[in-house]
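I opened the model today to look up its pocket, its strands and its charged pairs. These are my notes, in the order in which I checked things.

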Amino acid sequence: MTLFEKIIARQIPAEIVAEEPEWLAFHDINPQAPVHVLIVPKKVIPRLGEATPEDALLLGKLLLAVQTVTRKLSILETGFRVVINHGHDGGETVPHLHVHVLGGRPLAWPPG
């Protein structure tokens, strides 16, 4: 099981922000901004490049979950960044697709 599967199964504690049947959102343990939340599908998709056409609805739900999370954490109006890492060079550390939502301060461009 990946770290995220263990969090979804409540085997590892996490500070949960929101949850729906298809996904779970929780605060990152190593935040890179005042608000740094991960939105994780409950279905294991190792990375974005391994998603299939059958995952299209779930992928859309993950992006719509960003609205739920940013509204709840009061950054919907001020702005935020959404990041999906893929592979080693992309900064992926857990082989389970997840969406980073960062905000709570001005974010520079280009990133890292």
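Entry 1, the pocket. I am working with a predicted model. I looked up which elements line its largest pocket: α1 (3–8), β2, β3, β4 (80–83) and β5 (99–103) each supply at least two residues of the lining. With 3 residues, α1 gives the most. I noted 32 lining residues in total, and Asp28, Asn30, Gln32, His36 and His100 lie nearest the centre of the pocket. The space in the largest pocket comes to about 710 Å³. Sorted by class, its lining has 17 nonpolar, 10 polar and 5 charged residues.

Entry 2, strand β3. Is β3 enclosed or open to the outside? I found that 7 of the 7 residues of β3 are buried, so this strand is largely enclosed by the rest of the structure. The cut-off I used for buried is under 20% relative accessible area. In a regular strand, side chains alternate between the two faces of the sheet. I therefore checked the two sides of β3 separately, and both are covered. Val35, Val37, Ile39 and Pro41 are buried on one side, and His36, Leu38 and Val40 are buried on the other.

Next I looked up the strands that pair with β3. β2 and β3 pair in the antiparallel sense over 5 bridges. Leucine 24 has valine 40 of β3 as its bridge partner. β3 and β5 also run antiparallel, joined by 5 bridges. There, histidine 36 stands opposite leucine 102 in β5.

Entry 3, salt bridges. Side chains of opposite charge can pair when their charged atoms come close. I counted 6 salt bridges in the structure. One of them joins the side chains of lysine 61 and glutamate 22, at 2.8 Å from N to O. This pair links distant parts of the chain, 39 residues apart: lysine 61 is in helix α2 (residues 56–72), and glutamate 22 is in the loop between β1 (16–20) and β2 (23–27). Lysine 61 is partly exposed at 28% relative accessibility, and glutamate 22 is partly exposed at 27%.

Another salt bridge joins lysine 43 and aspartate 55, at 2.4 Å from N to O. Both residues sit in the loop between β3 (35–41) and α2, 12 residues apart. I asked which of the two is buried and which is partly exposed. Aspartate 55 counts as buried at 3% relative accessibility, whereas lysine 43 counts as partly exposed at 43%.

I also noted glutamate 50 with arginine 47, whose closest N and O atoms are 2.5 Å apart. Glutamate 50 is partly exposed, at 39% relative accessibility. Salt bridges with shared partners join Arg10, Glu19 and Lys42 into one network.

Entry 4, the backbone. Arginine 10 came up again here, since I was checking phi values: its phi is near 65°, a positive value in a residue other than glycine. Arginine 10 lies in the loop between α1 and β1 and is partly exposed at 44% relative accessibility. Serine 74 is not a glycine either, and it has a positive phi of about 60°. I found serine 74 in the loop between α2 and β4, exposed with a relative accessible area of 58%.

Last, I looked for a cis peptide bond. One joins tryptophan 109 and proline 110, with omega about 0°. Proline 110 is in the segment after β5.

Note on methods: Residues numbered from 1 in each chain as written. Predicted model: local features only at pLDDT ≥ 70, side-chain atom pairs only at ≥ 80, totals over all residues. Heavy atoms only, no water. Salt bridge = Lys/Arg side-chain N within 4 Å of Asp/Glu carboxyl O. Helix = DSSP H or I, 4+ residues; strand = E, 2+ residues; numbered from the N terminus. Buried < 20%, exposed > 50% of the residue type's maximum accessible area, 1.4 Å probe, protein only. 1 Å grid on protein atoms, 1.4 Å probe; cavity = no way out; pocket = protein on both sides within 12 Å on 5 of 7 lines; lining within 4 Å. Points joined across faces, edges and corners; volume = space filled by probe spheres on them. Nonpolar A, V, L, I, M, F, W, Y, C, P; charged D, E, K, R; others polar. Pairing = 2+ DSSP bridges.
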